[in-house]
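Grab a coffee and work through a few short exercises on cores and charged pairs. Try each task yourself before you read the solution.

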Amino acid sequence: MIEDDYAKAVAEIAVPESPQPLDEAIPAWAFARAIAQLPAAVCITDADARILYANPAFTEITGYSVSEVIGQNTSILAHECTPPRVYEQMWDRLVHARPWTGLLVNRRKYGAVYLAELTVAPLLDAQDRAVYYLGMHRDVTAVHRLEQQVHNQKELIESMVDAAPAVIALLNGSGQVILQNHEYKQLAAAMQGKEPAVELLHGLRESLGESFQHHDGEGESFRNKEVSFEPGGDAPTRWFSCSGIWFRESDDRADAFFQPVRQTYLLLMVNEISTLKRQQEEIRTNAMRALIAEQERVRSMREALQAAIFQMQQPLNLIAAANEMLERRRSSPELAPLRSVLGQALASGRDALEKLENSIPIMPPEAIAPVNINQLLREVLTLSTQRLLAGGIVVEWQPAPVLPAVLGREGRLRGMFKQLIDNAMDAMEHCRSQRRDLRIVTKVQENAVVILIEDTGPGVPKELHWKIFEPFYTSKPAGDRTGIGLALAQEVVNEQRGMIGIDPEYTDGCRVRVLLPLDHDGGFEE
Ligand code: FAD
């Protein structure tokens, strides 16, 4: 009999002067039923917090029956865990006729403790005095427990992530970092204002190409993908091994409640592997040194033999011509011995030429693979360290921070750069220039990797800018070189469908500009 309860409770409550009129369209019993049916614990008290009315949910939540609580102070629910200042704050608002909402620890009839989210609203008379209080509370223990668990887990995950010896960042769909750990912050500081995640993702996209795009936002993960970063200046290359997990999370905004919007996130985990890479590079450099020495040996043998063949061909052509003339004069018997001698000379000359041609050592075939030009140039510089130091040459290394891989034959490309750097060093040493600067720049330009090799030597006269790429042309003292190095460089660049040339604008020495296209489809001739 809810209406009766309400009528009884209301009868016991002294109605103040000019009470707030109830809406005439709704009878009083409807209000009573509304309060009675509320799933929240509702009570109405007098100004001293003595309970005048309690609804069924109040009984359900507190364990006290209505008859047990009528006339009792609401403090029967108080638990000593609630700090006194909470009640003081509550009452401070209530005595000023202002409502209060907060959390309290309550005790049920049989001692069980629960967390109550309580709202107390003063019911004011015509003089704005609080004559009654309306209290409404919910048991939010379970919600609090869940919130606490989530909070604890978040704290645990955050401290684990922070303590992890790896760089960890969480990125939203637009690539912004929304969470990062201690290691990440350290890396960001070391990268002087650059956002590590942006640089690393850029590197991943550049080096993995379409296979990375495939991962992009597709919910697939990638593991241990290596990316290098060039800090520039004297700082060594930094290497990172990147792993990432894409995941989707429902948007927690209210307007996305009925139409869930799923946000994509990327959890990026990065380990610096620069030390390991440097060790590997050292081993590689040593192997390279041996390989380059062997390549140099083979190349100089090839150059010497090709030059010898070239030199022998001219007199042999003359002998062949003379022999042909004598053959036409077969009728003169006195010329027979000369004809025979010339014939023998021609035969043995051709034989010698063939032997020489057969003895040209063959360059071993090389597979076509993606080549990191920055790394290649670094290797060549490392190989040339001793000579650079001995020659007092200052190297200015200006690599592009991230350089896409070029498809090509690594050994051939390395040999070419070694040749160009050797040429630059030769030029500066021969002219005994005071300033000996070697500047190497790499950059990406219109879908190509561009490499500039500049020296402060005497430079190349304009009229020789094309000639020096011809075979057997050399400006170096006789016996130094055969003049085939730049011709080979031209050959390697041609294989890449690229370009090589001397920059006519550069006047401080010589600047060789090499352009290697990135969209080269690998149609190399074998
Ligand atoms: P109390 O001595 O009752 O109060 C602590 C401090 O509050 C005092 O130092 C005093 O400054 C101030 N105070 C207390 N009563 C008044 C008053 N009438 N006027 C001005 N200042 C006062 N408490 C709960 O623990 N759980 C509840 O669910 C709960 N529901 C409430 C519902 C309503 C509608 C109201 C009005 C109060 C409710 N209270 C509730 C508060 C309760 O009345 C007590 O103030 C509280 O429980 C602390 O009790 P106590 O005996 O420890 O200290």
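**Exercise 1.** Does Asp125 count as buried or exposed?

*Solution.* First, the ground rules. This is a predicted model, where local features need pLDDT of at least 70, side-chain atom pairs count only at pLDDT 80 or more, and totals for chains, interfaces and linings use all residues. Residues are numbered from 1 along each chain as its sequence is written, and side-chain values use heavy atoms, leaving out hydrogens and water.

Next, the cut-offs: buried is under 20% relative accessible area, exposed is over 50%, and partly exposed lies in between (1.4 Å probe, protein chains only). Asp125 comes out at 7%, so Asp125 is buried.

**Exercise 2.** Which residue meets the side chain of Asp125 in a salt bridge?

*Solution.* Start with the term: a side-chain nitrogen of Lys or Arg within 4 Å of a carboxyl oxygen of Asp or Glu. The partner is Arg129, with an N to O distance of 2.7 Å. Then check its accessibility: Arg129 is partly exposed at 49%.

**Exercise 3.** Find the partner of Glu491 and say where the two residues sit.

*Solution.* Glu491 pairs with Arg412, with the closest N and O atoms 3.1 Å apart. Glu491 belongs to helix α15 and Arg412 to helix α14, so to speak of distant parts of the chain is fair: they are 79 residues apart. (Helices are DSSP runs of H or I, at least four residues, and strands are runs of E, at least two, numbered from the N terminus.) Both ends are partly exposed, Glu491 at 40% and Arg412 at 22%.

Now widen the view. The structure has 26 salt bridges, and shared partners tie Arg387, Lys418, Asp422, Asp426 and Glu429 into one network.

**Exercise 4.** Which members of the largest nonpolar core touch the most other members?

*Solution.* Define the core: buried Ala, Val, Leu, Ile, Met, Phe, Trp, Tyr and Cys residues joined through side-chain atoms within 4.5 Å. This one has 38 residues, and the answer is Ile373, Phe417, Leu420 and Leu438. Elements that each supply at least two residues include α12 (373–383), β14 (437–444) and β17 (510–517). The largest share, eight residues, comes from α14.

Finally, zoom in on Leu438. Skipping neighbours within four places in sequence, its contacts (heavy atoms within 4.5 Å) include Leu381, Ile421, Met428 and Ile453. A separate second core has 19 residues, among them Leu187, Met191, Leu204 and Val227.
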